[in-house]
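Dear colleague,

I am handing over the structure that we spoke about, and I would be glad if you could look through it at your own pace. My notes on it come after the display.

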Amino acid sequence: MLLHRPDAVDNESSRAGEIDFIIAKQRNGGTGTVTLAHQMHYSRIVDMAA
């Protein structure tokens, strides 16, 4: 599992407040990316709908 915050790399990113949860390797399953929201003032990652 990898985490990537676009706004940590580029301060003027249009994806501020988002974090990519990347499944890069899995023995018997698929790989992919899920976009979630981060609430850094609470040190919490939540679903985008929340």
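What follows is a short account of the sheet and of two residues beside or within it.

Please keep in mind as you read that this is a predicted model.

I would begin with the sheet, in which four strands are arranged in the order 1-2-3-4, the sheet being open and the pairing antiparallel. Strand 1 and strand 4 (44-46) are its edge strands, each of them pairing on one side only. When direction is ignored, neighbouring strands of this sheet are turned by 35 degrees against each other on average.

Going through the pairs in turn, you will find that strand 1 (residues 2-4) is joined to strand 2 in the antiparallel sense over three bridges, and that Leu2 has Ile22 of strand 2 opposite to it. Strand 2 also pairs with strand 3 (residues 32-39), again in the antiparallel sense, over six bridges, and strand 3 is in turn connected by three bridges to strand 4, the two running antiparallel. As background, strands of a sheet pair through backbone hydrogen bonds, either parallel or antiparallel.

A good residue to follow from here is Glu18, which belongs to strand 2 (residues 18-23) and stands opposite Ala37 in strand 3. Ala37 itself also stands opposite Val46 in strand 4, so you can trace a path across the sheet by looking at these residues one after another. Is Glu18 buried or exposed? Glu18 counts as buried, because its relative accessibility is 19% and the cut-off for buried is under 20%. The side chain of Glu18 is joined to that of Arg15 by a polar contact of 2.8 Å. If neighbours within four places in sequence are left aside, the residues in contact with Glu18 include Arg5, Pro6, Asp7, Thr35 and Met48.

Asp7, which is one of those contacts of Glu18, has its place in helix 1 (residues 6-9). With a relative accessible area of 14%, Asp7 is buried. Which side chain makes a polar contact with the side chain of Asp7? It is the side chain of His38, at 3.4 Å. A polar atom of the Asp7 side chain also lies 3.4 Å from the backbone nitrogen of Gly17. Not counting residues up to four places away in sequence, Asp7 touches Ser13, Ala16, Gly17, Glu18 and His38, and His38 is likewise among the residues in contact with Glu18.

With best wishes

Notes
Residues numbered from 1 in each chain as written. Predicted model: local features only at pLDDT ≥ 70, side-chain atom pairs only at ≥ 80, totals over all residues. Heavy atoms only, no water. Buried < 20%, exposed > 50% of the residue type's maximum accessible area, 1.4 Å probe, protein only. Polar contact = N/O pair within 3.5 Å; in protein donor to acceptor, adjacent residues only side chain to side chain. Contact = heavy atoms within 4.5 Å. Pairing = 2+ DSSP bridges. Axes fitted to C-alpha atoms, helices over the stretch in contact; angles between N-to-C directions.
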